[in-house]
Amino acid sequence: MDLMSSTSILPLLLGCLGIFGIYQLLQRMRIKAYVQNTVVVITGATSGLGRECARVFHAAGAKLVLCGRNVEALEELTRELTASHTSQQTHKPYTVTFDLADTGATVAAAAEILQCFGYVDVLINNAGISYRGTITDTTVDVDKRVMETNYFGPIALTKALLPSMIKRKQGHIVTISSIQGKISIPFRSAYAASKHATQAFFDCLRAEMEQDGIQVTVISPAYIYTNLSVNAITADGSRYGAVDKNTAQGRSPAEVAQDVLAAVGKRKKDVIVADWLPSLAVYLRTLAPGLFFSIMAFRARKERKSKNS
Ligand SMILES: NC(=O)C1=CN([C@@H]2O[C@H](COP(=O)(O)OP(=O)(O)OC[C@H]3O[C@@H](n4cnc5c(N)ncnc54)[C@H](OP(=O)(O)O)[C@@H]3O)[C@@H](O)[C@H]2O)C=CC1
Ligand SMILES: CCCCCCCCCCCCCCCC(=O)OCC(=O)COP(=O)(O)O
């Protein structure tokens with residue numbers, strides 16, 4: 001009987017593994033076919049997740065337009081990508097420099113971006129800044145600065161590029177939000193608000209653009225080991241300047257960039273890129289809000305106490 005069941009289970013297991021392998025292969029082919037030779041614009045390409053996305057999409061054969069404020073960093077990345085050798089046919093990236101917090105500059109940059117290859121297939125709104133502070137100490141100017149970069153900048157760029165996508169009846173808007181676009185964590189008010197606004201805007205956009213054949217993907221990662229906390233602004237607008245423990249324990253940006261590529265290639269609408277705890281927190285916020293709020297209040301008390309001691 002044992003022999004019978006093991007001889008019938010083994011081929012079944014091998015069959016399942018084979019089907020899974022074929023499925024994975026087909027998925028990879030689908031992603032590659034979607035990205036190869038497509039024009040992909042990446043904001044915040046000078047560091048962290050944006051730079052890794054540039055590497056991953058370049059290696060997949062995309063035609064890149066790399067955006068940021070730091071010309072030298074963009075040029076250095078372009079040199080690195082141009083010198084890299086893969087079996088895949090790759091394309092030399094263009095660079096466009098502008099400050100997303102400046103709406104006029106962003107709209108002008110959109111025209112420059114369109115001139116690079118004549119059209120845009122995929123826009124990845126990745127650039128962003130973080131923030132740390134108590135609400136009572138934070139000036140409204142700081143709230144506005146975070147919103148300018150994380151919300152108004154990406155929506156201005158998206159609005160400026162949309163007409164050409166609508167004309168072509170083709171395009172894909174990708175936005176890097178955060179778990180903090182779904183749940184709010186104490187002492188991150190401006191950041192969480194900007195990411196919640198981002199989630200809301202791009203959810204509306206997805207519905208409005210469906211008839212025009214334009215895809216919208218919102219990606220919400222948990223902690224990634226980048227310079228985000230170093231560049232974060234504080235209650236008085238000064239730079240935070242340190243790597244937080246949570247950030248240092250986060251996933252590698254190269255790994256998350258692979259998840260971004262997969263989400264784009266599979267035309268996902270909304271993706272959480274996180275381990276079980278942040279994912280559970282998102283569900284808890286919806287299913288047991290009272291419990292979630294108590295946990296956040298406890299977290300705030302604990303953090304305040306450790307700062308004061
Ligand atoms: N790190 C994390 O734990 C997580 C990050 N995210 C999100 O991922 C995205 C990328 O962040 P990450 O790579 O971690 O952080 P980094 O600080 O490493 O990168 C941020 C990028 O945004 C650009 N940027 C910032 N301000 C502006 C501006 N005003 N105009 C133009 N570009 C600007 C920076 O370019 P410049 O050279 O011009 O400064 C830089 O390239 C952000 O949207 C962030 O919110 C989401 C969840 C977790
Ligand atoms: C059994 C119940 C468990 C409920 C657990 C609630 C615990 C809440 C954990 C919340 C983790 C959220 C992680 C969010 C990570 C994230 O998005 O941070 C990335 C950033 O956006 C960067 O932010 P930073 O704060 O580093 O500037």
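**View 1. Helix 4 packs against helix 5 in this predicted model.**
The two helices are residues 103-117 and residues 140-168. Their axes come within 9 Å and cross at roughly 35 degrees. The crossing of helix 4 past helix 5 is right-handed. On the helix 4 side, Thr103, Thr106, Ala110, Ile113 and Leu114 make the contact. Helix 5 supplies Gly153, Ala156, Leu157, Ala160, Leu161 and Ser164. By class, the contact residues are 7 nonpolar and 4 polar, with no charged residue. An α-helix has 3.6 residues a turn, so residues three or four places apart point the same way.

**View 2. Threonine 158 sits in helix 5.**
Is threonine 158 buried or exposed? Threonine 158 is buried, because its relative accessible area is 0% and the cut-off for burial is under 20%. Beyond its neighbours within four places in sequence, threonine 158 is in contact with Leu123, Asn125, Ile173, Phe202 and Leu205.

**View 3. Phenylalanine 98 occupies the loop between strand 3 and helix 4.**
Its relative accessible area is 9%, so phenylalanine 98 is buried. Neighbours within four places in sequence are set aside in the contact list that follows. Phenylalanine 98 contacts Cys67, Gly68 and Arg69. Ala105, Thr106, Ala109, Ile113 and Leu157 are also contacts of phenylalanine 98. Thr106 and Ile113 of helix 4 and Leu157 of helix 5 also take part in the contact between those two helices. Alanine 160 is 62 residues along the chain from phenylalanine 98, with 14 Å between the C-alpha atoms.

**View 4. Helix 2 is mostly covered.**
Helix 2 has 12 residues, 48-59. At 1.5 Å a residue, the expected span is 16 Å. The end C-alpha atoms lie 17 Å apart, which agrees. Burial applies to 9 of the 12 residues. These are Gly48, Leu49, Gly50, Glu52, Cys53, Ala54, Val56, Phe57 and His58. After the helix comes glycine 61, with a positive phi near 95 degrees.

**View 5. Glutamate 52 is a buried residue of helix 2.**
The relative accessible area of glutamate 52 is 14%. That value is under 20%, so glutamate 52 counts as buried. What does glutamate 52 touch, not counting residues up to four places away in sequence? The partners are Pro253, Ala254 and Ala257.

**View 6. Glutamine 88 lies in the loop between helix 3 and strand 3.**
Helix 3 covers 71-83 and strand 3 covers 94-97. Glutamine 88 counts as buried, because its relative accessibility is 13%. Leaving aside neighbours within four places in sequence, its contacts are Lys32, Gln36, Ala59, Ala60 and Gly61. Gly61 is the glycine with positive phi that follows helix 2. Glycine 290 is 202 residues from glutamine 88 along the chain, and their C-alpha atoms are separated by 52 Å.

**View 7. Asparagine 37 and phenylalanine 187 both have positive phi without being glycine.**
Most residues other than glycine have a negative phi, and most peptide bonds are trans. Asparagine 37 has a phi of about 65 degrees. Its place is the loop between helix 1 (2-35) and strand 1 (39-42). With a relative accessible area of 34%, asparagine 37 is partly exposed. For phenylalanine 187, phi is about 70 degrees. This residue falls in the loop between strand 6 (171-176) and helix 6 (189-209). Phenylalanine 187 counts as buried, at 11% relative accessibility.

**View 8. Tryptophan 276 is an exposed residue of helix 9.**
Helix 9 covers residues 276-287. Which relative accessible area makes tryptophan 276 exposed? The value is 64%, and exposed means over 50%. Glutamine 89 is 187 residues away from tryptophan 276 in sequence and 38 Å away in space, C-alpha to C-alpha.

**View 9. Two spans come from the UniProt record.**
The unreviewed entry lists "domain: Ketoreductase" for residues 38-227. That span is 47% helix and 18% strand, and its end C-alpha atoms lie 29 Å apart. The annotation "transmembrane region", also from an unreviewed entry, covers residues 276-298. In the model, residues 276-298 are 96% helix and 0% strand. Their end C-alpha atoms are 20 Å apart.

Note on methods:
Residues are numbered from 1 along each chain as its sequence is written. Chains are lettered from A and ligands numbered from 1 in the order in which they are written. This is a predicted model: local features need pLDDT of at least 70, side-chain atom pairs count only at pLDDT 80 or more; totals for chains, interfaces and linings use all residues. Side-chain values use heavy atoms; hydrogens and water are left out. Helices (H or I, at least four residues) and strands (E, at least two) are DSSP runs, numbered from the N terminus. The expected span of a helix is 1.5 Å times one less than its number of residues. Buried means under 20% relative accessible area, exposed over 50%, partly exposed in between (1.4 Å probe, protein chains only). UniProt positions are given in the numbering used here, feature names are shortened, and annotations may be inferred rather than shown by experiment. Axes are lines fitted to C-alpha atoms, for helices over the stretch in contact, and angles run from 0 to 180 degrees between N-to-C directions. A crossing is left-handed if the near helix is turned anticlockwise from the far one by less than a right angle, and right-handed if clockwise. Contact means heavy atoms within 4.5 Å. Ala, Val, Leu, Ile, Met, Phe, Trp, Tyr, Cys and Pro count as nonpolar, Asp, Glu, Lys and Arg as charged, and the others, Gly among them, as polar.
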